[in-house]
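I opened a new page for this structure and wrote down what I looked up, in the order I looked it up.

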Amino acid sequence: MKIGEARKIYSTQIREFQEQKLSLAKQKKELERKMNIFPDKKEEYANEAATLELSYNAISDKYEEYRSFMEKLMQQHMLLFNAEATKQQGDAMEERTEDLIKIMEVARRIGRGDRVPAYDEQKLMEYSMELYMAAKNMAMLSELQDKEKENHKSLWNDDEEKPNEPSPEEVANDGSVQGAAPEIVSVDEVIAEAVGNL
């Protein structure tokens, strides 16, 4: 089962069991109120009180089981999310470093008076106009030395399409659930099993 699917399923279960717990607690309180108002009917209410108590305890136990599993599920989700985010940040940092190296090489080539593609010059200008101007000034100085200029190909291969990376959230949701998941049972089944012994 995928983590994203499990989160939806168990969130729904937790919500249903929480609502049932509140309902049973309210019923227990109402029954206690009736028992205080009509003390002579305590024995009549005793069976109903036992049923409510068993039902409440069974629902509470199952709720805690689901809640505990959801905590583990959220930890798994968070670990996968953080791992993917870190990987993508590292990839982006590596790409920025490669671009910076290329920009510095373009500035060096321009400064030597070599010819570079207009696209590379544009990249240098976008990165830093000051660095571009410094390279151009150095190029003017190197022209006075009357040396042979080299023609260079572009350092960027922007024609290459980069694959779309999934978001960390998508990666975390698509991860497989680790460990055994509790069986999904309805509120009615838990209550029927708890009071079936009466």
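The entries below go from the overall form to the cores, one helix, the salt bridges and one buried charge.

**Entry 1: overall form**

I noted before anything else that this is a predicted model. I counted the elements and found 6 helices and 0 strands. Read from the N terminus, the order is α-α-α-α-α-α.

Next I looked up the extent of the chain. Along the principal axes, the C-alpha atoms fill a box of roughly 115 × 30 × 20 Å. The radius of gyration is 35 Å, while a compact globule of 198 residues would have one near 16 Å.

I then checked burial and contacts. Of the 198 residues, 29% are buried. I took the contacts between residues at least 6 apart in sequence, and 86% of them join residues at least 24 apart.

**Entry 2: the cores**

I asked which residues have the most contacts inside the largest nonpolar core. They are Tyr10, Phe17, Ile59, Tyr66, Leu73, Val177 and Val190, in a core of 23 residues. Three helices each supply at least two residues of this core: H1 (3-37), H2 (42-112) and H6 (187-195). H2 gives the most, with 9 residues.

I picked Ile59 from that list and looked up its contacts, leaving aside neighbours within four places in sequence. Ile59 is in contact with Phe17, Gln20, Lys21, Leu24, Val187, Val190 and Ile191. I also found a second, separate core, which has 10 residues, among them Val116, Leu124, Tyr132 and Ala139.

I added a general remark to the page: in soluble globular proteins, nonpolar side chains tend to be buried together.

**Entry 3: the two sides of H6**

I went through H6 to see which residues are buried. Val187, Val190, Ile191 and Ala194 are. These four lie on the same side of H6, because they cover an arc of only 95° around the axis. On the other side of H6, Asp188 and Glu193 are exposed.

What covers the buried residues of H6? I found that the cover includes H1 and H2. Two of the buried residues, Val187 and Ile191, are also among the contacts of Ile59 that I listed above.

**Entry 4: salt bridges**

I counted the salt bridges and got 11. I wrote up three of them.

The first joins Glu169 and Arg7, with the closest N and O atoms 3.5 Å apart. This pair links distant parts of the chain: Glu169 is in helix H5 (residues 168-174) and Arg7 is in helix H1, 162 residues apart. I looked up how accessible each partner is. Glu169 is partly exposed, with a relative accessible area of 31%, and Arg7 is partly exposed at 22%.

The second joins Arg33 and Glu30, at 2.5 Å from N to O. Both lie in helix H1, 3 residues apart, about one turn of the helix. Arg33 is partly exposed, with a relative accessible area of 42%. Glu30 is partly exposed as well, at 32%.

The third joins Arg67 and Glu71, at 2.3 Å from N to O. Arg67 and Glu71 are separated by about one helical turn, because they are 4 residues apart in helix H2. For reference I copied down the general rule: an α-helix has 3.6 residues a turn, so residues three or four places apart point the same way. Arg67 is partly exposed, with a relative accessible area of 30%, and Glu71 is partly exposed at 44%. I also found that Arg67 and Glu71 are linked with Glu64 in a network of salt bridges.

**Entry 5: a buried lysine**

I looked up Lys21, which is in helix H1. Lys21 is buried yet has no salt bridge. How far away is the nearest side chain of opposite charge? That side chain is Glu64, at 4.8 Å. A salt bridge needs the nitrogen within 4 Å of a carboxyl oxygen, so this pair does not count as one. Glu64 is instead part of the network with Arg67 and Glu71.

I then listed what Lys21 touches, not counting residues up to four places away in sequence. The list is Tyr56, Ile59, Ser60 and Tyr63. Ile59 is also one of the residues with the most contacts inside the largest nonpolar core.

Definitions and conventions
Residues numbered from 1 in each chain as written. Predicted model: local features only at pLDDT ≥ 70, side-chain atom pairs only at ≥ 80, totals over all residues. Heavy atoms only, no water. Core = buried A, V, L, I, M, F, W, Y, C linked by side-chain atoms within 4.5 Å. Buried < 20%, exposed > 50% of the residue type's maximum accessible area, 1.4 Å probe, protein only. Contact = heavy atoms within 4.5 Å. Arc of directions from axis to C-beta. Lys, Arg positive; Asp, Glu negative; His and termini not counted. Rg over C-alpha atoms; globule rule 2.2 N^0.38 Å.
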